[in-house]
Amino acid sequence: MSNDFRPLQGIRVVEMTHMIMGPSCGQVLAYLGAEVIKVEPPAGDKTRHLTGMGRGFFPSFNRGKRSITLDLKAEAGTIALDRLLATADVFVENFRDQSLDKMGFAPSELRNKHPKLIITSCKGFLRGPYQDRTAMDEVVQMMTGMAYMTGPTGRPLRIGSSANDIMGGVFGALAVLGALMERQQSGQGRALRVGLFENCLMLVMQHMVQFDLDGREPAPMPEREFSWPVYDIFDTHDQRQIFVGAVTEGHWQILCNAIGLEHLLEDSRLQTKMSQIEARHWTIPIFAEAINKRDFTELVEILEASGIPFSPINRPADMYRDPHVLRPGGLQHSMLSGGQVFRAPGLPIEVDGDSPRPASLDVTDVGHDTENVLSELGLSPSEVQAASGAVNRRTA
């Protein structure tokens with residue numbers, strides 16, 4: 001059963017991160033069976049308290065983790081963290097380099113203290129001129145040209161997801177897996193660094209390479225030069241929007257036959273794929289008119305039966321009504337510490353035909369596991385209080 005797919009079982013990950021990039025790295029490792037201990041400040045990760053569009057950040061990327069609080073401004077807290085790291089296989093962090101240095105947890109120092117530890121630093125930039133800059137998902141989208149390619153000319157837009165943060169975390173987890181495999185042979189850890197900027201650079205790589213090869217900058221995606229005869233959004237008769245694509249010669253023939261445009265197949269001006277692309281200015285209105293004669297449900301049945309690429313124009317909330325998303329294993333249930341249940345996707349993989357999941361997907365309350373984890377390290381009750389900031393919280 002894939003629910004037993006926990007290749008990282010027995011691996012301890014200490015995660016000291018916030019927002020999305022670092023937590024998503026820990027989330028992937030937790031899905032693969034690792035014990036992930038999230039270290040939070042005494043007042044808790046500030047991401048817990050975000051509202052609006054940030055409301056989903058913490059619960060989405062911190063499922064199935066243990067939570068402890070440490071006051072790293074106090075000596076007791078840094079001593080406890082060092083003792084915890086001595087028991088860990090992986091340390092995931094996204095602090096500023098200078099902040100870690102001041103606390104005595106720079107990767108170079110940690111490698112000397114804990115040579116088997118794999119340190120994974122989720123940063124804005126890899127080493128170079130920008131390494132000390134503050135970065136966020138939107139910042140690197142503007143820097144790399146991602147925002148330029150997403151919006152129309154003069155209106156750069158960030159994409160509608162924290163995709164860079166999430167993908168950066170996935171690359172971090174990928175690097176951890178490689179380092180764990182290497183450690184089986186070498187017995188030594190590694191200091192890994194993952195760059196948010198460099199991640200976004202990879203996402204725009206295809207546009208960079210096009211320019212490098214052709215010497216011509218691609219237009220923003222809303223104004224792109226099309227490589228396919230049909231690749232557009234249309235309105236149906238019942239005022240629904242649908243995306244339809246015909247990207248091969250076979251698609252062109254099938255689509256024309258399916259929606260009553262057989263006469264286009266006989267048109268001498270449309271006998272090659274390139275001629276079909278060059279004729280888009282007058283053929284797309286014909287496709288739009290034909291599609292507008294059919295209701296959405298009827299059109300979906302036709303396109304699905306024909307094997308034509310298509311999609312309704314959905315919103316994220318629509319995914320809770322999508323039959324494929326609602327298939328067994330498509331959504332997994334988690335519970336917040338207050339008892340509220342939410343549904344979220346798991347890893348986009350199947351193992352032996354089933355969806356893997358960690359032993360728990362619940363989101364624990366801040367500091368829920370502090371006493372247990374620190375007691376296991378040999379700390380006395382008073383030392384636990386001093387390290388966790390509990391004393392300071394009571395006297396504040």
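A residue counts as buried under 20% relative accessible area, as exposed over 50%, and as partly exposed in between. The exercises below apply this rule and two distance cut-offs to a predicted model.

**Exercise 1. Classify the two partners of the salt bridge between R294 and E298 as buried, partly exposed or exposed.**

Step 1. The closest N and O atoms of R294 and E298 are 3.0 Å apart, and the two residues form a salt bridge.
Step 2. R294 has a relative accessibility of 19% and is therefore buried.
Step 3. E298 has a relative accessibility of 36%, so this residue is partly exposed.

**Exercise 2. Determine how many disulfides the structure holds, and explain the result for C25 and C122.**

Step 1. The cut-off is needed here: a disulfide requires two cysteine sulfur atoms within 2.5 Å.
Step 2. For C25, the closest cysteine sulfur is that of C122, at 4.8 Å, which is too far for a bond.
Step 3. The search from C122 leads back to C25 as the closest partner, again at 4.8 Å and too far for a bond.
Step 4. Across the whole structure, the search finds zero disulfides.
Step 5. As to their surroundings, C25 is buried at a relative accessible area of 0%, and C122 is buried at 4%.

**Exercise 3. Locate the salt bridge between R183 and D89 in the chain, and state whether its partners are buried or exposed.**

Step 1. Side chains of opposite charge can pair when their charged atoms come close.
Step 2. In the pair R183 and D89, the closest N and O atoms are 2.8 Å apart.
Step 3. R183 belongs to helix α8 (residues 163-186), whereas D89 sits in the loop between α3 (75-85) and β4 (90-93). The salt bridge thus links distant parts of the chain, 94 residues apart.
Step 4. Both R183 and D89 are buried.

**Exercise 4. Explain what the salt bridge between K123 and E93 ties together.**

Step 1. The side chains of K123 and E93 meet with an N to O distance of 3.2 Å.
Step 2. K123 lies in strand β5 (residues 118-123) and E93 in strand β4, so the pair ties together parts that are 30 residues apart in sequence.
Step 3. K123 is buried, with 7% relative accessible area, and E93 is buried, with 0%.

**Exercise 5. State how many salt bridges the structure has, and which residues are linked in a network of them.**

Step 1. The count comes to 21 salt bridges.
Step 2. A network of salt bridges links R12, E35, R66, D369 and E376.

Definitions and conventions. Residues are numbered from 1 along each chain as its sequence is written. This is a predicted model: local features need pLDDT of at least 70, side-chain atom pairs count only at pLDDT 80 or more; totals for chains, interfaces and linings use all residues. Side-chain values use heavy atoms; hydrogens and water are left out. Buried means under 20% relative accessible area, exposed over 50%, partly exposed in between (1.4 Å probe, protein chains only). A salt bridge is a side-chain nitrogen of Lys or Arg within 4 Å of a carboxyl oxygen of Asp or Glu. Helices (H or I, at least four residues) and strands (E, at least two) are DSSP runs, numbered from the N terminus.
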